[in-house]
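Q: Got a minute to go through this one with me? I'd like to start with the ligand.

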Amino acid sequence: MNLLEYFDLPRLREALESVADIRHPRVLFVCLGNICRSPAAEGMMLSVLQEKHAHGWTVDSAGTGNYHIGDLPDPRMRAHARRRGLELTHRCRQVREADFDRFDLIIGMDDSNIARLRALAPTPEDELKVLPMALLLSDKRHFDHIPDPYYEGAEGFETVLDLLDEGTRNLYDTMSAFGS
Ligand code: 4NP
């Protein structure tokens, strides 16, 4: 759904207005470890773009932490994603200040990620690029963040994938409507 059609979301509007080229958005998803939530968000976004035959987007993911640099996503997340047709092949990397030059939107999964990203932003304009993933969910979802599944069971991974599926679709729909 085009979120801006139904909700008053000034932060989202402001962020979309600052996207350099709305037809070629550059989006970075960020979580703590970059082995569960953000590589899954990257995979979901790429899958939505493929389904819509949309070209010209740049999509990547990174972590605020440095525990798993170079690793593939967590085997549990890869298994749950594979059941939905997603192959997650991202290699873990840490977010860095230069990412604020390379991306238009930097989407954090929870409040801790958001706080770390805001602190890393080199300028106030760059801070506007930082958005919570939960902002992209419709209000029927009662989540104000994407819960960390690392210490959870199977249900935690499924919940994350459900939330990311909706959030990435809403981002695509909202961005497309905004650019037309
Ligand atoms: P993620 O989950 O932030 O969704 O990738 C985590 C992965 C690893 C750790 C924490 C969260 N860890 O502490 O190693």
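The chat below covers the ligand site, one helix and two loop residues.

Q: What kind of model is this?
A: It is a predicted model.

Q: OK. Which residues are around the ligand?
A: The shell holds C31, L32, G33, N34, I35, C36, R37, Y67, H68, D148, Y150 and Y151.

Q: How does that shell divide into nonpolar, polar and charged?
A: It has 7 nonpolar, 3 polar and 2 charged residues.

Q: Which polar side-chain atom lies 2.8 Å from an oxygen atom of the ligand?
A: One that belongs to H68.

Q: And what about polar backbone atoms?
A: There are contacts at L32 and G33. A polar backbone atom of L32 is 3.0 Å from a ligand oxygen. For G33, the distance from a polar backbone atom to an oxygen of the ligand is 2.8 Å.

Q: How much of the ligand does the protein bury?
A: The protein buries 92% of the 360 Å² that the ligand exposes when taken alone.

Q: Back to N34 from the shell. What is its phi?
A: Phi of N34 is near 60°. That is a positive value, and N34 is not a glycine.

Q: Where is N34 placed?
A: N34 sits in the loop between β1 (26-31) and α3 (37-51).

Q: Buried or exposed, and why?
A: N34 counts as buried, because its relative accessibility is 0% and the cut-off for buried is under 20%.

Q: What is the phi of H53?
A: H53 has a positive phi too, about 55°. H53 is not a glycine either.

Q: Where is H53 found?
A: In the loop between α3 and β2 (58-63).

Q: Is H53 buried or exposed?
A: Exposed. H53 has 64% relative accessibility, and exposed means over 50%.

Q: New topic: helix α2. Which of its residues are buried?
A: Helix α2 covers residues 10-17, and its buried residues are L12, A15 and L16.

Q: Why are those on the same side of α2?
A: Because they cover an arc of only 95° around the axis.

Q: Any general rule behind that?
A: An α-helix has 3.6 residues a turn, so residues three or four places apart point the same way.

Q: Which residues are exposed on the other side of α2?
A: P10 and E17 are exposed there.

Q: What do the buried residues of α2 pack against?
A: Two helices and two strands: α1 (3-6) and α8 (154-178), plus β3 (105-108) and β4 (130-132).

Technical notes
Residues numbered from 1 in each chain as written. Predicted model: local features only at pLDDT ≥ 70, side-chain atom pairs only at ≥ 80, totals over all residues. Heavy atoms only, no water. Buried < 20%, exposed > 50% of the residue type's maximum accessible area, 1.4 Å probe, protein only. Helix = DSSP H or I, 4+ residues; strand = E, 2+ residues; numbered from the N terminus. Arc of directions from axis to C-beta. Contact = heavy atoms within 4.5 Å. Near = heavy atom within 4 Å. Polar contact = N/O pair within 3.5 Å; in protein donor to acceptor, adjacent residues only side chain to side chain. Areas by Shrake-Rupley, 256 points an atom, 1.4 Å probe, with all protein chains shown as cover. Nonpolar A, V, L, I, M, F, W, Y, C, P; charged D, E, K, R; others polar.
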